[in-house]
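Visitor: Could you take me through one part of this model up close, and then follow the connections outward from there? I'd like one continuous walk.

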Protein chains: 2
Amino acid sequence: MKHADGRSRPKGVEPLGVGIAGLGTVGAGIVKLIEENRDVLLSHCPRPIVVTAVSARDRTKDRGIDLSNIEWCDDPMMLARHDKVDVVVEVIGGSDGPAKALIEAALANKRHVVTANKALLAHHGTELALKAEAAGLALAYEAAVAGGIPVIKAMREGLAANRIDRVYGILNGTCNYILTQMRETGREFADVLQEAQKLGYAETDPSFDVDGIDAAHKLSILTSVAFGCAVDFAGVRISGIRQVSAMDIAYADELGFRIKLLGLARQAQHGIEQRVHACMVPAASPIAKVDGVFNAVVTRGNFVGENMVIGRGAGQGPTASAIVSDLMDIARDRILPAFSAPAATLKKVKQAPAGLHRGSYYMRLMVVDKPGVIADVAAAMRDENVSMEAMIQRARSPGEPVPVVLTTHETEAQAIERVVARLGRIKAILEPAHVLPIETLD
Amino acid sequence: MKHADGRSRPKGVEPLGVGIAGLGTVGAGIVKLIEENRDVLLSHCPRPIVVTAVSARDRTKDRGIDLSNIEWCDDPMMLARHDKVDVVVEVIGGSDGPAKALIEAALANKRHVVTANKALLAHHGTELALKAEAAGLALAYEAAVAGGIPVIKAMREGLAANRIDRVYGILNGTCNYILTQMRETGREFADVLQEAQKLGYAETDPSFDVDGIDAAHKLSILTSVAFGCAVDFAGVRISGIRQVSAMDIAYADELGFRIKLLGLARQAQHGIEQRVHACMVPAASPIAKVDGVFNAVVTRGNFVGENMVIGRGAGQGPTASAIVSDLMDIARDRILPAFSAPAATLKKVKQAPAGLHRGSYYMRLMVVDKPGVIADVAAAMRDENVSMEAMIQRARSPGEPVPVVLTTHETEAQAIERVVARLGRIKAILEPAHVLPIETLD
């Protein structure tokens, strides 16, 4: 057998040498897993997987792992040309900078790459896949989307016989935890966020998570795998969960919905839609029942129907599990194009115009409780040809602000925008309309 | 590239020839999928997959598929040595007879095998895997367990880095449909079964499904993949859902449980437990929320934690999806040992003694409502060192039969059996105790 680095070795005897760049929680978890589960790995894959070199900032830090037989490299770039390294595992993070430089150097030096770096793939995935495939190397990233859940393998291999027309999921555990807590306790976003930060479920700067960026990174990768198109992070319409209020969550319950931050990509009439946003999903739908820090991805294929996978989307163990499963594929010479179809054939996404999206909407208006307001609201909708499905004005408090909640039948997004603009001109409506899309998931 | 049949062909150009034995719903679905999704298959896998030959009983039957370019073989055994067949797809069914003879002949003639036949694998899986692996051939069977859900791939590859200590699932859609209907309508088993038969969700002879045999076939396969042991169908303790009554379902609700037919295998203290039975699961657990004809499998690994997959466990489309994904793996030369570890290394299951199983139990007694009965019941439990967790005697009807429901703390199965024997000797208890295990799924 001829190795990636050109050296000849008898297959199945010579180990697969792994160099890990980054020894944070995840990097240490990989070392731990390979050590603790050595017999399990060997029973599946006769070629031993051995961590031969590591690189991190602080050599003296106690990580609870034995590094005595592993070479230490001060500079991660050394891993890319280390003669005992067949695969570089990049768990440094960041969409550019050292992570990108390392991966490029590894591929240039004929080393396979395994990464958990969704931001980097979202921005440079297609370009890196081209380089890897031209050199016959793996660019593997199971851990980058939904952590321990083998969703990339499921889509790229297990469901590969299907024409996929939709993929959606709960791709960010922090947001799902916050929304679940808000629903269970009735508290507001800021309050629950603060608690999540204390518990370590949310970062000090939570914006990557709560503004939907992290979910959008993952979605852009899923889109590419599902539809065989180039990764197009810029094409994802993104909003987060900051604007979700306890009141909306309570109304969702009343209307038979749950509020979830979904990442959703689908083949629509005018192109591919990619969006990340908080939305209402039917309470009875399987995705509505995925609570707390769990992730879930639903794929719909023309023969298989809907398939859902659920599991832990982050954390040391799940991420290490996904990374080592990628290493096992490489050890067994099971190398596939990164995004289902060969990178050279990936087409640019034809983006569906946002305004043409058709769907139903939830709208909450804070109005002064006086006669005639509802008539004004109804007129605004009528004038934009948007038809109302339900309306709730529960509280009565003459002269005071009260919520009026309504849901619409299916309509175009641009019509809703025009309705919102009209409502903004009605004096008795005190705040901009709170709008959430309803995803029926039919 | 050297083919299985010894002929040399340029890789990626010469198609993978597929011979299908059996043209029922599933066989026809495979032909349909390969035709309709030709472009999808080619984008993933440059080697074309072509159905070259088929065999079924009735040549004249209209199956809604075009067979004009496909060779017809009156005898399925012809597929095993057909020079245009690289892979034999067996969808005849049956644990022995023609299906087994065909698979053995195919392997003997160096043809790969793809099958959806769980009964056959449950009984002869290890032996067939040995033959396939000795010849360097695939014995692939994604469709045999949980239909369209790529659970075999998930366990054998995606979660392969983990030591698995438990796998369980809803493996029979017919039973899950019946139990869901019973709960939603309050009707009894026989009534719902009859309706399911009318709707085509249950067979005329429903025993394979409702007595748990089908689920046990699938469980024995999952056990082997999860624990790297020989397939041991005989080691599965099996009971079905005939004895589940509407009353038990109502009590389950009241106690915060759902009744599901689970197949469960786990590494216990004294060996491996394999069991299929109706049991109580916490209403809040993800598996409790899988309703209707859906299947679901939960795998627990030491690094990844719990992973669940949900989807359609049967039907033309899902089964064809799984079979063609197996064909794509073969077309890409991705051939793995059938049961994770090489068949030659699979150890015989060390079966955990049933009586030593520790768990909690639900028990419903039909008693004559008169003073002293509860005291007798409590004494029987005390005498076997079984401690009661809860007791409900809702209805009062002096002198008449009323249900008494109790749940126990964790205890040994053999202690429960002894309790049941003691209760059988109490005159005021009118029927044998209705016992269901409680699976806390902790």
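Guide: Let's start with strand 1 of chain B, in what is a predicted model. Strand 1 of chain B has 6 of its 6 residues buried, so the rest of the structure largely encloses it. You can see this on either face: B:Leu16, B:Val18 and B:Ile20 point one way, B:Gly17, B:Gly19 and B:Ala21 point the other way, and all of them are buried.

Now for the neighbours. Strand 1 of chain B pairs with strand 2 (residues 49-55) of chain B in the parallel sense, over 6 bridges. If you want a residue pair to click on, B:Gly17 has B:Val50 in strand 2 of chain B as its bridge partner. Strand 1 (residues 16-21) of chain B also pairs with strand 4 (residues 87-90) of chain B, again parallel, over 4 bridges. There, B:Ala21 is matched with B:Glu90 in strand 4 of chain B.

Step back and these pairings belong to an open sheet of 6 strands in chain B, with the order 3-2-1-4-5-6 and parallel pairing. At the edges sit strand 3 (71-72) and strand 6 (139-140) of chain B, each of which pairs on one side only.

What lies along the chain from there? Have a look at helix 1 (residues 25-36) of chain B, whose axis comes within 8 Å of the axis of helix 11 of chain B, crossing at roughly 65 degrees. The crossing of helix 1 of chain B and helix 11 of chain B is right-handed. On the helix 1 side of chain B, the residues that meet helix 11 include B:Val26, B:Gly29, B:Ile30 and B:Leu33, while helix 11 of chain B brings residues including B:Gly317, B:Ala320, B:Ile323 and B:Val324. Sorted by class, the contact of helix 1 of chain B with helix 11 of chain B holds 7 nonpolar, 6 polar and 1 charged residues.

Helix 11 also leads us to the other chain. The contact between the chains takes 43 residues from chain B and 43 residues from chain A. On the chain B side, the elements giving two or more residues are helix 2 (38-44), helix 5 (151-158), strand 12 (305-312) and helix 11 (316-331) of chain B. That side of chain B divides into 20 nonpolar, 15 polar and 8 charged residues. Strand 12 makes a handy landmark here: strand 12 (residues 305-312) of chain A and strand 12 of chain B pair in the antiparallel sense over 3 bridges. For a specific spot, A:Met308 stands opposite B:Ile310 in strand 12 of chain B.

Crossing over into chain A, you'll find an open sheet of 6 strands, in the order 3-2-1-4-5-6 and with parallel pairing. Its edge strands are strand 3 (71-72) and strand 6 (139-140) of chain A, each pairing on one side only. Helix 1 (residues 25-36) of chain A packs on this sheet, touching strand 1 (16-21), strand 2 (49-55) and strand 4 of chain A, and its direction makes about 155 degrees with that of strand 2 of chain A.

Strand 4 of chain A deserves a pause. Strand 1 of chain A pairs with strand 4 of chain A in the parallel sense over 4 bridges, and A:Ala21 has A:Glu90 as its bridge partner there. Strand 4 (residues 87-90) of chain A is also joined by 4 bridges to strand 5 (residues 112-115) of chain A, and the two run parallel. Here A:Val89 is bridged to A:Val114 in strand 5 of chain A. Both faces of strand 4 of chain A are covered: A:Val87 and A:Val89 are buried on one side, A:Val88 and A:Glu90 on the other.

Last stop, a loop residue. A:Ala343 sits in the loop between helix 11 (316-331) and strand 13 (358-368) of chain A. A:Ala343 is buried, because 23 other C-beta atoms lie within 10 Å and the cut-off for buried is 20 or more. Leaving out residues up to four places away in sequence, A:Ala343 touches A:Thr126, A:Ala129, A:Leu130, A:Glu133, A:Pro337 and A:Ala338. A:Gly228 is 115 residues from A:Ala343 along the chain, with 8.8 Å between their C-alpha atoms.

As for overall layout, chain A is divided into domain 1 (16-144), domain 2 (151-312) and domain 3 (356-438). The C-alpha centres of domain 1 and domain 3 of chain A lie 52 Å apart.

Methods. Residues numbered from 1 in each chain as written. Chains lettered and ligands numbered in written order. Predicted model: local features only at pLDDT ≥ 70, side-chain atom pairs only at ≥ 80, totals over all residues. Buried ≥ 20, exposed ≤ 12 C-beta atoms within 10 Å, placed from the backbone. Contact = placed C-beta atoms within 7 Å. Nonpolar A, V, L, I, M, F, W, Y, C, P; charged D, E, K, R; others polar. Pairing = 2+ DSSP bridges. Domains from an automatic or database assignment. Axes fitted to C-alpha atoms, helices over the stretch in contact; angles between N-to-C directions. Left-handed = near helix turned anticlockwise from the far one by under 90°.
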